[in-house]
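Take a look at the sequence and the structure shown below. Then read on for a short tour.

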Amino acid sequence: KKDIMKESEGKVWDAIVIGGGMGGLTTAAKMVAKGAKVLVLEKYVIPGGSAGYYEKEGCVFDVGSSMMFGFGDEGTTNLLTKALESVDKTMET
């Protein structure tokens, strides 16, 4: 894991954008295009926010839809789990 504080030591930023989702990345890109020095901080392993994806058990999942519909076996936001069950499939969560 990178130590952003050590890498940034002595640097001066015109802006620090918290969150590497589509809004944060767009904002940062527009500022950089105008000559600003911008640091984007993202806590997840890849940028993109809800436009990101991840892979599990050979399948690719859109982070936006999986976060919205979920993979649990409890609650009401688990439509993906229910859809998999309807075709006799399961996925460990």
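Tyr 54 stands opposite Phe 61 in β4. This pairing is part of a predicted model. The strands concerned are β3 and β4, which run antiparallel and are joined by four bridges. Together β3 and β4 form a hairpin, with two residues between them.

**The hairpin turn**

Glu 57 sits in that turn. Its place is the loop between β3 (53–56) and β4 (59–62). Phi of Glu 57 is positive, near 50 degrees, and the residue is not a glycine. Is Glu 57 buried or exposed? Glu 57 has a relative accessible area of 54%, so it counts as exposed, the cut-off being over 50%.

Asp 88 is another residue with a positive phi that is not a glycine, at about 55 degrees. Asp 88 lies in the segment after α4 (79–86). Its relative accessibility is 72%, so Asp 88 is exposed. Gly 35 has a positive phi too, near 100 degrees, and follows α2.

**The whole protein**

How many helices and strands does the protein have? There are four helices and four strands. Along the sequence their order is α-β-α-β-β-β-α-α. The protein has 93 residues, and 22% of them are buried. The accessible surface comes to about 7,300 Å². Carbon and sulfur atoms hold 58% of that surface. Now take the contacts with a separation of 6 or more: residues 24 or more positions apart account for 26% of them.

**The parallel pair**

β1 and β2 run parallel, and four bridges join them. Ile 16 of β1 stands opposite Leu 39 in β2. In a regular strand, side chains alternate between the two faces of the sheet. Which residues make up the covered face of β1? Ala 15 and Val 17 form the covered face. Ile 16 and Ile 18 form the uncovered one.

**A helix checked for length**

α2 covers residues 22–33. What span should its twelve residues have, at 1.5 Å a residue? The expected span is 16 Å, because the rise is multiplied by one less than the number of residues. The end C-alpha atoms of α2 are 16 Å apart, so the model agrees with the expected value.

**Gly 19, between β1 and α2**

Gly 19 is found in the loop between β1 (15–18) and α2 (22–33). Its relative accessible area is 22%, so Gly 19 is partly exposed. The cut-off for buried is under 20%.

Which residues does Gly 19 touch, leaving aside its neighbours within four places in sequence? Gly 19 is in contact with Gly 24, Val 40, Leu 41 and Glu 42. Of these, Val 40 and Leu 41 fall within β2 (38–41).

**The loop between β2 and β3**

Tyr 44 lies in the loop between β2 (38–41) and β3. Ile 46 has its place in the loop between β2 and β3 as well. Tyr 44 has a relative accessible area of 44%, so it is partly exposed. Ile 46 is partly exposed because its relative accessibility is 30%.

Residues from this loop come back to the stretch around Gly 19 and Gly 20 in the C-alpha distances below.

| Pair | Separation along the chain | C-alpha distance |
|---|---|---|
| Gly 19 and Tyr 44 | 25 residues | 9.0 Å |
| Gly 20 and Tyr 44 | 24 residues | 8.5 Å |
| Gly 20 and Ile 46 | 26 residues | 8.3 Å |

**A nonpolar surface patch**

Which residues form a nonpolar patch on the surface? The patch consists of Tyr 44, Val 45, Ile 46, Tyr 53 and Val 60. Together these residues have about 520 Å² of accessible area. Tyr 53 belongs to β3 (53–56), and Val 60 belongs to β4 (59–62). The patch thus includes residues of the hairpin, along with Tyr 44 and Ile 46 from the loop between β2 and β3.

Terms used. Residues are numbered from 1 along each chain as its sequence is written. This is a predicted model: local features need pLDDT of at least 70, side-chain atom pairs count only at pLDDT 80 or more; totals for chains, interfaces and linings use all residues. Side-chain values use heavy atoms; hydrogens and water are left out. Buried means under 20% relative accessible area, exposed over 50%, partly exposed in between (1.4 Å probe, protein chains only). Contact means heavy atoms within 4.5 Å. Patches are made of residues with over 30% relative accessible area and no salt bridge: like charges are joined within 9 Å, nonpolar side chains (Val, Leu, Ile, Met, Phe, Trp, Tyr) within 5 Å. Accessible areas come from the Shrake-Rupley method with a 1.4 Å probe; for residues, only the protein chains shown count as cover. A salt bridge is a side-chain nitrogen of Lys or Arg within 4 Å of a carboxyl oxygen of Asp or Glu. Two strands pair if DSSP finds at least two bridges between them.
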